[in-house]
Amino acid sequence: MPRSIFDFADGGAEEEYTLQRNERAFEELELLPQPLRGAAMRDQSVTLFGKRLSMPVVIGPTGLSGLFWPDGECCTARAAAAAGTAFCLSHGSVCTLEKLAGATAAPKWMQVFIYTDKGFTRELVQRAASAGYDALVLTVDNQLLGNRERDKRNGFSIPPRLNASTLAGMASKTGWLWRMRKELRHITFGNYVKAGETARISELAGRMASLLDPSMSWSDVEAVRKLWPGPLILKGLLSPQEAATAVKLGIDGIVVSNHGGRQLDGAPATLEALPPIVDVVAGNAAVLLDGGVRRGADVVKALALGAKACLIGRPQLWGLAVSGEAGVAHVLDLYRREIDRVMGLCGISSIAEIGRDTLFHKASRSAP
Ligand SMILES: Cc1cc2nc3c(=O)[nH]c(=O)nc-3n(C[C@H](O)[C@H](O)[C@H](O)COP(=O)(O)O)c2cc1C
């Protein structure tokens, strides 16, 4: 794919410290195999917001998936359905939330922001309800645009400023260009197109950026809670105090997330932020995690620290970019097989058996 699109997905904010920390935190945590527990049969299914999922990995929301493969969002959602897991649509999808809803039988979550135009927040929530989405994900760490310098260099900013070398880079990727030849003219932010108005992505991107609300507060979250009767998930929390407030307001789920290191560079690794949040939530909401989850072993480590499931961002996009629906199916299958193997090697038969004793505690090295 063109360098600018690769960088759009692969990159993070500024020095990309947080992006790197997300992955390194998994590297630094060790699993404690207990092979004699015996785990001939292993079941990795989990129940999340009333739905049984075949695995503890969910497709996270990623804007503009339709740039990676024609009809990218629908391809990914179909792969999730076939794998028996849930799919979360981004506010910034190319296709509309209504089209996606008709394309998949997978449990569907819809991701939205709090906008300066509260009427637009309400409209998106109501559209998600009418289209039959199973859960609403309110992302709270995107109240300003992150400073993604790779995108700036590539002209992939808002508004887009594509320079000659970026355009030449796109033209040189003939496989991608051929695949996308019919789509490119229609790439837009589908959910933001108003009847009778422009669908030009550059204009919609500007409108979207101007709708972000750095003054948002808990009263906005309460307003969304009143609008949406189903499972409501806050995505982008790293503070235990905020997690405690979310529980008090009746939030059903929390995604411990730093937006894959794309927003505040210097934010902690999500795996390190997870345990104190799990402690304050104390089972009163489902705690999920994303950021740097690259292997089945990473999923098991997050579950060992109390997450109920993990979301994946970049890995599903790479599968999509390589071969569409089949590519995402392959990525999910890799996670499934790796989780199964790790469970077998650790002596774990079911997700309920994964706990803090699944981890090797370094302090025990020096214990007498
Ligand atoms: C290209 C791209 C687009 C994204 N778009 C959104 C989005 O629209 N809404 C959102 O809540 N998160 C978005 N995210 C963040 C992901 O949902 C997720 O938090 C993050 O990618 C997880 O980290 P990982 O990529 O290391 O798995 C995006 C991430 C990427 C890579």
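His91 counts as buried, because 22 C-beta neighbours sit inside 10 Å of it. The cut-offs behind that word are simple: a residue is buried if 20 or more other C-beta atoms lie within 10 Å of its own, exposed if 12 or fewer, and partly exposed in between, with C-beta atoms placed from the backbone. His91 belongs to the loop between β5 (87–89) and α4 (97–103). Those labels are DSSP runs numbered from the N terminus, where helices are H or I with at least four residues and strands are E with at least two. Set aside the neighbours within four places in sequence, and His91 is in contact with Gln111, Val112, Phe113 and Asn191; contact here requires C-beta atoms, placed from the backbone, within 7 Å. The C-alpha atoms of His91 and Val137 are separated by 9.8 Å, with the two positions 46 residues apart along the chain.

A quick word on where this comes from. The model is predicted, so local features need pLDDT of at least 70 and side-chain atom pairs count only at pLDDT 80 or more, while totals for chains, interfaces and linings use all residues. Residue numbers start from 1 along each chain as its sequence is written.

Now to helix α14. Helix α3 (residues 72–83) packs with helix α14 (residues 314–346) at an angle of about 15°, their axes 8 Å apart. An axis is a line fitted to C-alpha atoms, for helices over the stretch in contact, and angles run from 0 to 180 degrees between N-to-C directions. α3 and α14 are therefore roughly parallel to each other; the angle classes are under 35 degrees for roughly parallel, over 145 for roughly antiparallel, 65 to 115 for roughly perpendicular, and oblique for the rest. The crossing of α3 with α14 is left-handed, a term for the near helix being turned anticlockwise from the far one by less than a right angle, with right-handed used if clockwise. On the α3 side you'll find Gly72, Cys75, Thr76, Arg78, Ala79, Ala82 and Ala83, and they meet Gln316, Leu320, Gly324, Glu325, Val328, Ala329 and Leu332 of α14. Sorted by class, the contact of α3 with α14 has eight nonpolar, four polar and two charged residues. In that scheme Ala, Val, Leu, Ile, Met, Phe, Trp, Tyr, Cys and Pro are nonpolar, Asp, Glu, Lys and Arg are charged, and the others, Gly among them, are polar.

Leu320 of α14 deserves its own look. Leu320 counts as buried, because 27 C-beta neighbours fall inside 10 Å. Not counting residues up to four places away in sequence, Leu320 touches Ser65, Phe68, Trp69, Gly72, Cys75, Thr76, Gly327 and Val328.

Just ahead of α3 comes Asp71, in the loop between β4 (57–59) and α3. Asp71 isn't a glycine, yet has a positive phi of about 60°. Most residues other than glycine have a negative phi. Asp71 is partly exposed, because its C-beta neighbours inside 10 Å number 19. Glu14 also has a positive phi, about 45°, without being a glycine. You'll find Glu14 in the loop between α1 (3–10) and α2 (17–28), and with 15 C-beta neighbours inside 10 Å, Glu14 counts as partly exposed.

α14 has another partner in helix α13 (residues 296–304): their axes come within 7 Å and cross at roughly 60°. That makes α13 oblique to α14. This crossing of α13 and α14 is right-handed. Gly296, Ala297, Val299 and Val300 of α13 make the contact with Tyr335, Glu338, Ile339, Arg341, Val342 and Met343 of α14.

What about the nonpolar interior? A nonpolar core is a set of buried Ala, Val, Leu, Ile, Met, Phe, Trp, Tyr and Cys residues joined through C-beta atoms within 7 Å. The largest one has 100 residues, and Leu136, Ile254 and Cys310 touch the most other members. α14 supplies the largest share of this core, 11 residues. Apart from it lies another core of six residues, including Phe189, Tyr192, Leu204 and Ala205. Leaving aside neighbours within four places in sequence, Ile254 has contacts that include Ala243, Ile277 and Val281.

Those three turn up again where helix α11 (residues 240–248) packs with helix α12 (residues 270–281), at an angle of about 30° with axes 9 Å apart. That makes α11 roughly parallel to α12. Pro240, Ala243, Ala244 and Val247 in α11 meet Pro276, Ile277, Val280 and Val281 in α12, a contact with eight nonpolar, no polar and no charged residues.

Technical notes
Contact = placed C-beta atoms within 7 Å.
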